[in-house]
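Colleague: I am new to this structure and would be grateful for a close look at a single part of it. Please take the surroundings of the bound ligand and describe them in one connected account.

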Amino acid sequence: MVISPSAVGTTGRSRAHVIEMHLDTLYQVSQVLSCSSGLQEILSGVLHVLHESSDMRCGMVSLLDPGSGELMVGAAHTGTREKVEKVRYRPGEGLMGAILKEGDTVMVGRIADEPRFLDRMGLYAPDLPFVGVPIRVGEDNPIGVLAAQPSCGDDGLLEERARFLEMVANLLAQTVRRAWDLEQERRALTDERDRLRRQVRGGYHLDNVVGHSKEMRRVFEQVRQVAKWHTTVLVRGETGTGKELIANAIHYNSPRANGHFVKLNCAALPDNLLESELFGHERGAFTGAVSQRKGRFEQADGGTIFLDEIGEISQAFQAKLLRVLQEGEFERVGGTRTLKVDVRVIAATNRPLEEDVERGDFREDLYYRLNVMPIFVPALRNRSEDIPDLARFLVDKLAKAQGRPLDITDSAIRTLMRHEWPGNVRELENCLERAAIMSETGTIDLDAINLTGLEDKLPLGRKPEPEVEVDLDDPDLDERERVIAALERAGWVQAKAARLLGMTPRQIAYRIQTLKIRVRQF
Ligand SMILES: Nc1ncnc2c1ncn2[C@@H]1O[C@H](COP(=O)(O)OP(=O)(O)OP(=O)(O)O)[C@@H](O)[C@H]1O
Ligand SMILES: [Mg+2]
């Protein structure tokens with residue numbers, strides 16, 4: 001509703017009329033605030049209500065840009081179209097800048113008479129009045145300015161209009177503040193996410209995969225080549241050679257590095273759990289499925305899935321996996337909808353898969369699907385020239401973990417080079433960890449290495465004989481020793497060790513805890 005100049009005046013009726021109109025507008029403003037979601041939508045909505053329902057036209061909200069300290073026009077209403085221009089005011093500059101700086105409401109009877117008026121937006125009629133109010137939360141400095149132009153000449157009711165605009169500004173202030181807080185939180189979270197990603201990626205930079213032997217250089221070259229593409233990779237090698245490390249390096253050096261790297265140890269779960277873990281399940285798919293859950297394949301969409309110990313999956317599961325690898329399609333357990341995902345698959349195994357295929361234990365078609373690009377990680381005994389660098393690298397890693405300086409002597413390194421390392425790099429790492437614990441001074445010397453029991457191991461040149469391994473069925477064997485021996489034989493993969501001992505994974509986890517065995521989490 002518009003008050004025409006002829007109807008204006010300071011009569012009680014006109015004032016009552018204007019106040020009633022303002023009350024009605026305030027109600028509408030509160031509705032915009034409670035129904036709209038984004039800040040921009042709210043600002044435009046409020047200015048629209050002001051323009052349509054009150055006598056305040058061409059509203060404009062300028063907000064403080066915390067980075068530059070300047071006012072930036074956030075929204076403006078021209079009557080015909082909404083207009084947001086990249087207009088800025090420095091604090092104190094022009095009328096807007098003055099309101100921000102002083103924090104006071106400004107009322108002008110005729111805007112053309114106001115020397116500070118800059119008319120940057122070209123919004124206002126020169127003969128009409130102008131009202132600008134600070135937007136502030138509590139007693140703090142203003143965080144913005146709300147301005148508008150009454151649609152009629154000075155009728156003696158500018159004070160009322162200014163109070164009205166102040167009320168609207170107060171309502172807006174809370175919303176602006178909340179939006180800023182949310183934005184700040186969002187930015188902090190994305191910064192943190194990016195920082196963690198950089199850190200993780202840095203950890204799997206090929207520089208952190210140690211080795212300069214011919215064999216390892218070939219592996220690095222293969223990783224570099226294959227990382228660029230979507231190809232399925234099968235990482236092969238004995239236990240503890242660094243297969244998982246290589247899988248990580250492929251992902252974090254690939255164009256998918258910003259996507260998720262999702263890992264699943266196929267040996268750790270029985271078939272039915274493996275299926276719901278990989279493909280997810282619908283609500284009510286089985287007892288205990290109280291809600292729908294995304295599987296690892298869905299979680300890895302746009303990224304990489306790492307299927308560790310792929311050689312351990314059952315025949316039935318091999319068929320299910322084949323379909324995802326072939327079609328990229330699957331259904332959640334208990335679901336009918338076919339889901340399609342974009343996932344790069346990296347699998348790993350220490351099993352002689354060709355022999356398994358020969359025996360009929362592993363599907364030939366699945367073998368060919370997986371074996372598109374095999375990478376063989378060499379055993380440590382075949383590249384003992386890598387041991388000095390590896391030992392120093394692992395000692396640095398331990399020093400960080402233990403929070404104290406650690407170093408290793410050359411004689412200790414020479415002793416390490418003379419051994420077979422059936423458990424490969426993981427065994428070397430465990431040996432160094434034990435040695436570090438034995439070393440009170442922080443220097444890992446020959447004595448510390450000998451204290452780990454390494455001298456009992458076979459010297460280089462002699463084939464490891466399985467017969468000399470601890471007999472797990474020996475009744476005289478101490479329970480702790482038995483569990484440790486099984487864990488060592490299983491390359492510290494708990495599910496495998498459990499199988500050697502005829503236990504469930506849960507049982508072995510419990511023993512490890514009660515016997516206080518130090519196990520690294522893989
Ligand atoms: N070349 C390497 N440089 C640095 N650290 C390595 C290297 N190779 C292996 N490691 C470390 O050795 C440990 C074992 O590596 P990883 O878990 O990748 O082996 P794996 O082949 O997956 O073993 P498993 O077959 O038992 O699962 C990890 O802590 C890993 O960081
Ligand atoms: Mg592994």
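Modeller: The account below begins with the domains and then turns to the ligand site. Please bear in mind that this is a predicted model.

The domain assignment divides the chain into domain 1 (15-182), domain 2 (206-378), domain 3 (381-451) and domain 4 (479-515). Ligand 1 lies between domain 2 and domain 3, because both of these domains give residues to the shell around it. As for domain 1, its C-alpha centre is 69 Å from that of domain 3.

The shell itself consists of 19 residues around ligand 1, and those that come nearest are Val210, Thr239, Lys243, Arg426 and Glu429. Sorted by class, the residues of this shell comprise six nonpolar, six polar and seven charged ones. Three helices each supply at least two residues of the shell: helix H6 (243-252), helix H12 (387-402) and helix H14 (424-438).

Oxygen atoms of ligand 1 also take part in polar contacts with the protein. Two of these involve the backbone: an N or O backbone atom of threonine 241 lies 3.3 Å from a ligand oxygen, and a backbone N or O atom of glutamate 244 lies 3.0 Å from an oxygen atom of ligand 1. Lysine 397 contributes through its side chain, with a polar atom 3.4 Å from an oxygen atom of ligand 1. Taken alone, ligand 1 exposes 630 Å², and the protein buries 94% of that area.

Definitions and conventions. Residues are numbered from 1 along each chain as its sequence is written. Chains are lettered from A and ligands numbered from 1 in the order in which they are written. This is a predicted model: local features need pLDDT of at least 70, side-chain atom pairs count only at pLDDT 80 or more; totals for chains, interfaces and linings use all residues. Side-chain values use heavy atoms; hydrogens and water are left out. A residue is near a molecule or strand if one of its heavy atoms lies within 4 Å of it. A polar contact is a pair of N or O atoms within 3.5 Å; within protein, one must be able to donate a hydrogen and the other to accept it, and residues adjacent in sequence count only if both atoms are side-chain atoms. Accessible areas come from the Shrake-Rupley method with a 1.4 Å probe; for residues, only the protein chains shown count as cover. Helices (H or I, at least four residues) and strands (E, at least two) are DSSP runs, numbered from the N terminus. Ala, Val, Leu, Ile, Met, Phe, Trp, Tyr, Cys and Pro count as nonpolar, Asp, Glu, Lys and Arg as charged, and the others, Gly among them, as polar. Domain bounds come from an automatic or database domain assignment.
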